[in-house]
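Reader: I have a new model open. Show me how to read it, feature by feature.

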Amino acid sequence: GEVFLEVLWGHKHIFLETKESESARELRLMLGGIFGESEIKSATLVKTTSGKVALDDPVPPQWNAINESQSLADNGITSMKARPNDPFVVALLFPGEQVPSISSLSVPPPLPDSMRAPEDRPDMN
């Protein structure tokens with residue numbers, strides 16, 4: 001299935017769409033094309049178990065390395081956890097960092113009801 005990812009690195013938040021059958025190595029190649037291979041060569045791709053991150057949470061999430069020799073699905077990144085309206089979060093962790101360097105973005109306005117999934121619409125409950 002299709003998976004939707006939000007890749008975080010500093011002030012950069014990149015949204016990607018790919019297949020859960022793709023290898024995590026392919027994800028690195030995509031990011032190398034966006035950020036520059038030399039920029040991210042030393043970085044480790046990391047994720048949380050849930051694939052969600054609240055930057056204002058007082059308890060920082062536990063980040064785990066993504067196995068680049070496995071598919072995204074084998075790393076727990078599936079179409080059930082990585083949806084268009086709720087992407088799976090992946091970050092870049094550089095040597096010497098204990099947690100990824102991530103800056104929050106501005107808070108977007110709420111989605112109009114017409115753009116929400118039927119189960120999330122107040123008029124559909």
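Reader: What covers the buried residues of H1?

Author: First, a caution: this is a predicted model. Cover is judged by contact, meaning heavy atoms within 4.5 Å. For the buried residues of H1, the cover includes E1, E2, helix H2 (37–40), strand E3 (44–47) and strand E5 (88–93).

Reader: Which residues of H1 are buried?

Author: Buried means under 20% relative accessible area. In H1 that applies to Ala-24, Leu-27, Arg-28, Leu-31, Gly-32 and Phe-35. Seen down the helix axis, the buried residues of H1 fall within an arc of 140 degrees, so they line one face.

Reader: Why do residues three or four places apart point the same way in an α-helix?

Author: Because an α-helix has 3.6 residues a turn.

Reader: Where H1 spans residues 24–35, what length should I expect?

Author: Count 1.5 Å a residue, taken over one less than the number of residues. The twelve residues of H1 should therefore span 16 Å, and the end C-alpha atoms are 16 Å apart, which agrees. Just after H1, look at Gly-36: its phi is positive, about 105 degrees.

Reader: Now the strands. In what order do they form the sheet?

Author: Read across the sheet, not along the sequence. The order is E2-E1-E5-E3-E4, in an open sheet of five strands with mixed pairing. E2 and strand E4 (64–65) are the edges, since each pairs on one side only. Along the sequence, by contrast, the pattern is β-β-α-α-β-β-β.

Reader: In which sense do E1 and E2 pair?

Author: Check the bridges. Strand E1 (residues 2–9) and strand E2 (residues 12–19) pair in the antiparallel sense, over eight bridges. Follow the partners across: Leu-5 stands opposite Leu-16 in E2, and Leu-8 stands opposite His-13 in E2.

Reader: How many residues lie between the strands of that hairpin?

Author: Two, and one residue to inspect there is Gly-10, which takes a positive phi near 60 degrees.

Reader: Last, the whole chain. What radius of gyration would a compact globule have with 125 residues?

Author: Near 14 Å; the chain has 15 Å, which agrees. Along its principal axes, the C-alpha trace spans about 50 × 35 × 25 Å. Buried residues make up 34% of the 125.

Reader: What share of the contacts with a separation of 6 or more joins residues 24 or more positions apart?

Author: The share is 60%. For the surface, take the exposed area and its atoms together: the chain exposes about 7500 Å², with carbon and sulfur atoms supplying 54%.

Methods: Residues are numbered from 1 along each chain as its sequence is written. This is a predicted model: local features need pLDDT of at least 70, side-chain atom pairs count only at pLDDT 80 or more; totals for chains, interfaces and linings use all residues. Side-chain values use heavy atoms; hydrogens and water are left out. Two strands pair if DSSP finds at least two bridges between them. Helices (H or I, at least four residues) and strands (E, at least two) are DSSP runs, numbered from the N terminus. Buried means under 20% relative accessible area, exposed over 50%, partly exposed in between (1.4 Å probe, protein chains only). The arc is that of the directions from the helix axis to the C-beta atoms. The radius of gyration is taken over C-alpha atoms; the globule rule is 2.2 Å times the number of residues to the power 0.38. Accessible areas come from the Shrake-Rupley method with a 1.4 Å probe; for residues, only the protein chains shown count as cover.
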